[in-house]
Amino acid sequence: MAEKSIIQIGMIGFGNVGQGVYRLLEKNRSLIEAKVGAQMRIKKIVVRDLAKQREVSVPEGMLTTNFDDVVSDPEIDVVLELMGGYEPARTYLLDAMRRGKQIVTANKAVLSVHWDEIIQTARDHKVDIYFEAAVCGGIPVIQAINDGLAANNITSIYGIVNGTTNFILQKMTEEKKSFKEALQMAQKKGLAEADPTLDINGMDAAHKLAILASLAFSKRVKVEDIYVEGIDRITVQDIEFAKEEFGRVVKLFAIAEVEGDELEVRVHPTLIPEDHLLAKVDGEYNGVLVTGDFVGTTMYYGLGAGSKPTASAVMSDLIYVGRSVHDNVAGEISNCWFLNDNPQIKRLKKMGDIKSRYYLKFTVLDQVGVLSAISRILGENQISIASVIQKEQKKGDKVPVVIVTYEALEKNVQEALKKINGLPFVQEETLLIRMDRGE
Ligand code: HSE
């Protein structure tokens, strides 16, 4: 079959990222086309509202509100899905693959939840599916895990994979901004999801971890398998305590780690030492440490969100797909390894069975017997105290008492906190931050 000289793209969604892709192709067209060996042409763009004001203007007739204009057009080779969310994105992707279109998507939500169905459909219909931009914006971490480290047994992934929460935590740390103010700043920068709850409650990071872990460990990890906690209970006071008293910073960590034949997968705020490699990953930057049995520890760092970095990742996928369309080998070589279940991982570890050190902030009345009651319950649950801090306050006020524990079993800590939270002098639910990584 003759080589294709024009690769035609149908884009779905023309928001921040879509417009970034359009601009990138305009700016670096000659470089990109030289790499593909063919012209790259965006033929149609599906949008919700034709009249909406956009920063990028496109030729007359390129925008449409009808997905069918893309999927039924035999000239379109690649469907680029940038609309996000579960539906109609899932239906559009499946439909496009069934009609033989190659796929590039940045949609972590639909991929992480409908992974099996989407990947199987790609295989059944022999089409390429690339999704570098779904995880960590401009950082080529999917490619690193999928290709560069493919020969390794991956043993762990620790990542800061959500730019919004990382930006919020930095503003709270350095500028003492309240959580709410910092969130508004993140939204203004275009980092946050359409629904920022997904950033704050850790679900966006969980979507990304599900994809990373499934690829890295050749084991299907579902979003619901992941223990998830967000950053909404972290205060400026905790950030200051952690820094001044323990030399640590708070990061929302996505963790996947093998222990024996079990894999633990979790997303939660974590206190890491200030000199940890990931402690310097600030603002909208993301950072991921991946350790493999032969390669050792590798690190990936860069902008994890925003129009230009995400467009960079999308375009790299389009170059891959463009090349395979050009060479008539699209769909011939699977880019996903994970479907073969990894025999070395028997199960996912239960959250109660993980071990960690803990930062516990009790908000209590300042009265006789409080510390001894708390420490007795901790002791009864095999939790050993490493340090205690109480800052003196005006008499009669509630005070924060921070206890840092030695390594303890999560289920023992949860059991102890249940009892402690029921004590009459405890004024607020105790805040727990794990501080288990980076020793
Ligand atoms: N809301 C996401 C973040 C965008 O803040 O990281 C990139 O996936």
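In this predicted model, Tyr-301 has a relative accessibility of 45% and therefore counts as partly exposed, since that class lies between the cut-offs of 20% for buried and 50% for exposed residues. Tyr-301 is placed in strand β12, which covers residues 296-303, and, together with Leu-277 and Met-299, Tyr-301 makes up a nonpolar surface patch of about 290 Å².

A second region of interest is the ligand site. The ligand is surrounded by 13 residues, and the closest of these are Lys-108, Gly-163, Thr-164, Glu-193 and Asp-199. By character, the residues of this shell divide into five charged, four polar and four nonpolar.

Polar atoms of the protein approach nitrogen atoms of the ligand at several points. In the side chain of Glu-193, an N or O atom is found 2.6 Å from a nitrogen atom of the ligand, while for Asp-199 a polar side-chain atom lies at 2.8 Å from a ligand nitrogen. Leu-191 contributes through its backbone, of which an N or O atom lies 2.9 Å from a nitrogen atom of the ligand. Of the 260 Å² that the ligand exposes when taken alone, 91% is buried by the protein. With regard to secondary structure, the elements that supply two or more residues to the shell around the ligand are helix α8, spanning residues 163-174, and helix α11, spanning residues 203-217.

Key: Residues are numbered from 1 along each chain as its sequence is written. This is a predicted model: local features need pLDDT of at least 70, side-chain atom pairs count only at pLDDT 80 or more; totals for chains, interfaces and linings use all residues. Side-chain values use heavy atoms; hydrogens and water are left out. A residue is near a molecule or strand if one of its heavy atoms lies within 4 Å of it. A polar contact is a pair of N or O atoms within 3.5 Å; within protein, one must be able to donate a hydrogen and the other to accept it, and residues adjacent in sequence count only if both atoms are side-chain atoms. Accessible areas come from the Shrake-Rupley method with a 1.4 Å probe; for residues, only the protein chains shown count as cover. Helices (H or I, at least four residues) and strands (E, at least two) are DSSP runs, numbered from the N terminus. Ala, Val, Leu, Ile, Met, Phe, Trp, Tyr, Cys and Pro count as nonpolar, Asp, Glu, Lys and Arg as charged, and the others, Gly among them, as polar. Patches are made of residues with over 30% relative accessible area and no salt bridge: like charges are joined within 9 Å, nonpolar side chains (Val, Leu, Ile, Met, Phe, Trp, Tyr) within 5 Å. A salt bridge is a side-chain nitrogen of Lys or Arg within 4 Å of a carboxyl oxygen of Asp or Glu. Buried means under 20% relative accessible area, exposed over 50%, partly exposed in between (1.4 Å probe, protein chains only).
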